[in-house]
Amino acid sequence: MESLSIRVLLGLLLIVIPLYLFYAIGMKRLNTFVVSVVRMGIQLAVAGMYMYWLFDVNNPWLNLLWLLLMCGVTTGMVVQQARLSYKNAFLPLYVSILVAALLISLYIVRLVMNVEQVFTARWFIPVNVLFLSLSAETLGRVLREYYIGLIRFREHYYYKVGNGASWIQAVSPILRRALDRGYLRVSQRLSLCGLVVFPGVFIGLLMMDANPWYAVVVTAVLLVATLAFQVLAIVLSVFLTQRIVTTLRGQITDIIIDKHLLRP
């Protein structure tokens, strides 16, 4: 234990290199950088402590409670990113994200990874951490585009409904536009994500003595699962909020809090 502590300390001492360089060149925001590093260290320490506790206890109900809380945090981030009303949007978005996370993670853990105890901390928590951490920005962007499009093109929506079109037929062009615009940036960053984020998963598996081919397969599966989680959460949220935003003509703008986003 003492030897491990010394090695960890030696690793952390590498922070001296960037700090000295920034100080030597007279970096103007050195204090901000130091505060950010300290804050990151505190966050990692807190996360490490409660993750250690969760993995040590490994209680299925406790793991499920963790998912409920994390989905709430992610929903708040999505609502803020999409500039939506917490009152009208939070609950349906929360349910959508929670259901999508449960369905996709249980599918991966039980059917793909063949783990009998599906709520075990070793698989259930890391898989959902990956889903939620990588999806908040994307969900927020796509949903913002969808609700803005629904408001801007509401005459087209009401025209279609008035002529006998179903709800899904009326909103399909608007949803397609939102996916096109929302995933445009995601598509541009997907190669970067493949080079940076998921290789981190790959390297982590290798460091756990996993077979390289197994690590490649798991990384690919998690990438596809993350995309599936995002799309399922988007579709569910659009379906669950449709009564809020389309029942009454006057309510259609209530879900957007930043009205300047509605300007052409």
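## A tour from the N-terminal patch to the core

Begin with α1 (2-12) and α2 (16-24), each of which supplies at least two residues of a nonpolar patch. The model on screen is a predicted one.

**The patch.** Select Ile 6, Leu 9, Leu 10, Leu 13, Ile 15, Val 16 and Tyr 20. Together these residues make up the nonpolar patch on the surface, and their accessible area adds up to about 690 Å². With 3 residues, α1 gives the most to the patch.

Next, pick out Val 16, which lies in helix α2. Its relative accessible area is 48%. Residues between 20% and 50% count as partly exposed, so Val 16 is partly exposed.

**The whole chain.** Now zoom out and colour by secondary structure. The chain has 10 helices and 0 strands. Of its 264 residues, 36% are buried. The surface that the chain exposes comes to about 16100 Å², with carbon and sulfur atoms supplying 68% of this area. Among contacts with a separation of 6 or more, 71% are between residues 24 or more positions apart.

**The core.** Select Leu 67, Cys 71, Ile 97, Leu 143, Tyr 146, Phe 229 and Ile 234. They are the residues with the most contacts inside the largest nonpolar core, which has 51 residues. The elements giving two or more residues to this core are α4 (60-82), α5 (86-112), α6 (121-152), α7 (154-162), α8 (167-207) and α9 (212-240). Its largest share, 15 residues, comes from α6.

**Last stop.** Centre the view on Leu 143. Leaving aside residues up to four places away in sequence, Leu 143 touches Val 78, Ala 82, Leu 93, Ile 234, Ser 237 and Val 238.

Definitions and conventions:
Residues numbered from 1 in each chain as written. Predicted model: local features only at pLDDT ≥ 70, side-chain atom pairs only at ≥ 80, totals over all residues. Heavy atoms only, no water. Patch = residues over 30% accessible without salt bridge, like charges linked within 9 Å, V, L, I, M, F, W, Y side chains within 5 Å. Areas by Shrake-Rupley, 256 points an atom, 1.4 Å probe, with all protein chains shown as cover. Salt bridge = Lys/Arg side-chain N within 4 Å of Asp/Glu carboxyl O. Helix = DSSP H or I, 4+ residues; strand = E, 2+ residues; numbered from the N terminus. Buried < 20%, exposed > 50% of the residue type's maximum accessible area, 1.4 Å probe, protein only. Core = buried A, V, L, I, M, F, W, Y, C linked by side-chain atoms within 4.5 Å. Contact = heavy atoms within 4.5 Å.
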